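These are my notebook entries on one protein chain. I set down what I looked up, entry by entry.

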Amino acid sequence: QAQEARCAVNREVGRELGWEIGEAAVAKRVMVVGGGPAGMEAARIARLRGHDVSIWDREPELGGKLDVASRAPSKHTVLDFRDYQARKLAELGVHIHTSSVVTSELVAAENPDVVVVSVGADPLIPPIPGADGPNVLDAQEILHGRVAVAPGEKVVIVGGSATGCETAEWLLGAGAEVTIVEMLPTVGQGIELITRKHLLAELKEQGLTIITRAKVTMIDANEVIYESVETGAQAAIPADRVAMAVGWRPQGEKFAADLGSRTVILAGDAARPADFVAAIQAGANAGLAI
């Protein structure tokens, strides 16, 4: 199936005929809230257009979920892109504020003409009995290295998204026995097709078990129970630990609701969770719209 050419690093790919970063008719004060891929790109483009731009993030460094993504062995290089973007923003004169929690009061005090809301999304917590158990955690906690995983430990990952596959890669490298349970017919949604093909082949070679078209119905202390979405037949998988990677809940509208009548643009996962490339494109579109 033919797809539009896209590139995370070169935003012009697939948009060459209409791509132009022109100078804005009126220079504005632009406040970008959230320093992930979409926010950094929105800030870069807006600054190139002549606006006075600041970018704010609650973490000590810009990058958003790029830090988590980089923990997967095959994705260390995403930090090169993060560092490049951060360096370009500094060179362009974007005002960078890290370790800063942005509130509606802070936005009012800064009084920007435009606020780009790129605050990302929070993990979804599915209403599965046992999902609040002590053996259940968000997959990002594993990628952050905040939990110790012993060799031979049985870990079930609920959700076969990009995050689920990256978590599986990390766990297999730590010597765990890993199973992904996914409702859809395939896993790796959000990963570029060629990359996904090679990654899944490598993960299966390392011992990853993938169960698709399956819905988790209960999590117990030592097992995960699921049923086939086609037949309803139930089965159980032994599990010492369960990692959730079922999706994201956008936080943009919730944040924007407290900003009053000023111009607000939602970008990236704050509007609609998607992949890294889509976040860059959304950030570029936001910058061009100001």
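**Entry 1: the whole chain**

What percentage of the 290 residues in the chain do buried residues make up? I worked from a predicted model, and I found that 46% of the 290 residues are buried.

I next looked up the secondary structure and recorded 9 helices and 15 strands in the chain. The radius of gyration is 21 Å, and the globule rule gives 19 Å for 290 residues; the two values are close, so I noted the chain as being as compact as a globular protein of that length. For the overall dimensions, I wrote down that the C-alpha trace spans about 60 × 40 × 35 Å along its principal axes.

I then turned to the contacts between residues at least 6 apart in sequence. Of these contacts, 69% join residues at least 24 apart.

For the surface, I noted an accessible area of about 14200 Å². Carbon and sulfur atoms account for 51% of that area. The chain carries 27 positive and 38 negative charges, and I found their mean positions to be 4 Å apart.

**Entry 2: helix 9**

I examined helix 9, which covers residues 276–289. Which span should its 14 residues have at 1.5 Å a residue? The expected span is 20 Å, and the end C-alpha atoms are 20 Å apart, so the two values agree.

I listed the buried residues of this helix as V277, A278, A279, I280, Q281, G283, A284, A286 and G287. Against which elements do the buried residues of helix 9 pack? I found two helices, helix 1 (37–48) and helix 3 (78–92), and two strands, strand 4 (114–117) and strand 15 (263–266).

**Entry 3: F81 in helix 3**

Since helix 3 is one of the packing partners of helix 9, I looked up F81, which is found in helix 3. Its relative accessibility is 9%, and the cut-off for buried is under 20%, so F81 counts as buried. I also checked the distance from F81 to V102, which is 21 residues away along the chain, and the two C-alpha atoms are separated by 25 Å.

**Entry 4: Q140 and T163**

I located Q140 in helix 5 (residues 139–143) and T163 in helix 6 (residues 162–173). Is Q140 buried or exposed? Q140 has a relative accessible area of 14% and is buried. T163 is also buried, at 15% relative accessibility.

For the contacts, I left aside neighbours up to four places away in sequence. Q140 is then in contact with K65, V68, P123 and W248. T163 touches A139, L143, A245 and W248. I underlined W248, as it appears in the list for Q140 and in the list for T163.

**Entry 5: two positive phi values**

I looked up two residues other than glycine that have a positive phi. S99 has a phi near 50 degrees, and S99 lies in the loop between strand 3 (95–97) and helix 4 (104–110). N111 has a phi of about 50 degrees, and N111 sits in the loop between helix 4 and strand 4.

How exposed is N111? Its relative accessible area is 47%; partly exposed covers values between the buried limit of 20% and the exposed limit of 50%, so I recorded N111 as partly exposed.

Technical notes. Residues numbered from 1 in each chain as written. Predicted model: local features only at pLDDT ≥ 70, side-chain atom pairs only at ≥ 80, totals over all residues. Heavy atoms only, no water. Helix = DSSP H or I, 4+ residues; strand = E, 2+ residues; numbered from the N terminus. Rg over C-alpha atoms; globule rule 2.2 N^0.38 Å. Buried < 20%, exposed > 50% of the residue type's maximum accessible area, 1.4 Å probe, protein only. Contact = heavy atoms within 4.5 Å. Areas by Shrake-Rupley, 256 points an atom, 1.4 Å probe, with all protein chains shown as cover. Lys, Arg positive; Asp, Glu negative; His and termini not counted. Charge placed at Lys NZ, Arg CZ, Asp CG, Glu CD. Expected span 1.5 Å × (residues − 1).
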